[in-house]
Amino acid sequence: MGKYIEMEKFALNIRKETLKMLLNRGFGHLGGAMSIVETLAVLYTKMKVDPQNPKSADRDYLVLSKGHAGPALYSTLALKGFFDLEVLNTLNNNGTILPSHPDRNLTPGIDMTTGSLGQGVSSAVGIALGLLRDKSPRKVYSIVGDGELNEGQCWEAVQFAAHNKLNNFVLFADNNKKQLDGTTDEICRTFDLVKKFESFGFDTVRVNGASVEEIDKALEKQKDMPLCIVLDTVKGQGVKYFEELKANHHIRFNDEQKEILKKEIAKLEEEAE
């Protein structure tokens, strides 16, 4: 149980630093960043990475296909030591190394530039295929949004990954039930993501996306095929006010919301002690 306590603490700190960063900037993609915090905490506990040598050929790879959730990934990388925590305050500023969406040419620890929805999954699959052909033991992980799965390119990549039996590839589908303009059910229903990924040839499991233990144990289920972990999450996860806010994809914070953020950050700081 000790490792799960550490993962939960890591997730708490990722959430805290992400909220601080967004509060400092005054706006940002809060909803979809919050829903992958626990997943990032598990991954960056388990993945082989080297903050002192981010481009090491001996590393595992993460491709954040839902690039608008970049702030949560930036917080994770800073907490792992890829760069100083103070750099988080430069999010979206001119000349920053932390642009709105991840850029591999700017940010230490970013393996692939993303943000054009649908394309990150294809990039991740390509990396996985290359590593497999090189007989590398390294793994490739990618996180895709449920709204992003409206893009047909995602499913082309999924079919290609299954056809090539990429057993070094894990795809997390963040099923937070919302996208930019509303709920996924309103815009384009996802139907049963587990059945869909299974029909495309993936080993597939659904987990509580707020449980580091369930996410960690799901990663052990991969056998001879690519694995999809469907994350049952809530947009704005971990912050009740923003979970319940209808338009919580990208928020420009008003004075009331800034006060709510300050209180949430203070609460997280107490829990982190």
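Start with the second largest cavity in this predicted model: its walls are made by L62, V63, L64, L73, P102, G109, I110, D111, M112 and T114. Strand β2 (residues 61–64) chips in the largest share of that lining, with 3 residues. Sort the lining by class and you get 7 nonpolar residues, 2 polar and 1 charged. The space enclosed is about 40 Å³.

The count of cavities of 30 Å³ or more comes to 2, so let's turn to the largest cavity, at about 50 Å³. Its lining is Y44, V49, D50, P54, R59, D60, F82, G109 and D111. Here the split by class is 4 nonpolar, 1 polar and 4 charged.

Y44 also leads us to helix α3 (residues 37–46), where 8 of the 10 residues are buried. Besides Y44, the buried set in α3 takes in V37, E38, T39, L40, A41, V42 and L43.

Pick up E38 next, and you land in the second largest pocket, where R15, E38, G238, L268 and E271 lie nearest the centre among 14 lining residues. Helices α1 (2–25) and α11 (255–272) each give at least two residues to this lining. By class, the lining divides into 6 nonpolar, 1 polar and 7 charged residues, and the pocket's volume is about 170 Å³.

That leaves the largest pocket, with a volume of about 290 Å³. Look for L117, E148, Q179, L180 and H249, which sit nearest its centre out of 21 lining residues. This lining has 3 nonpolar, 11 polar and 7 charged residues.

Conventions
Residues are numbered from 1 along each chain as its sequence is written. This is a predicted model: local features need pLDDT of at least 70, side-chain atom pairs count only at pLDDT 80 or more; totals for chains, interfaces and linings use all residues. Side-chain values use heavy atoms; hydrogens and water are left out. On a 1 Å grid over the protein atoms alone, a cavity is a set of points where a 1.4 Å probe fits but cannot get out, and a pocket is an open set with protein on both sides within 12 Å along at least five of seven lines; lining residues have an atom within 4 Å of a point. Grid points are joined across faces, edges and corners, and a volume is the space filled by probe spheres set on the points. Ala, Val, Leu, Ile, Met, Phe, Trp, Tyr, Cys and Pro count as nonpolar, Asp, Glu, Lys and Arg as charged, and the others, Gly among them, as polar. Helices (H or I, at least four residues) and strands (E, at least two) are DSSP runs, numbered from the N terminus. Buried means under 20% relative accessible area, exposed over 50%, partly exposed in between (1.4 Å probe, protein chains only).
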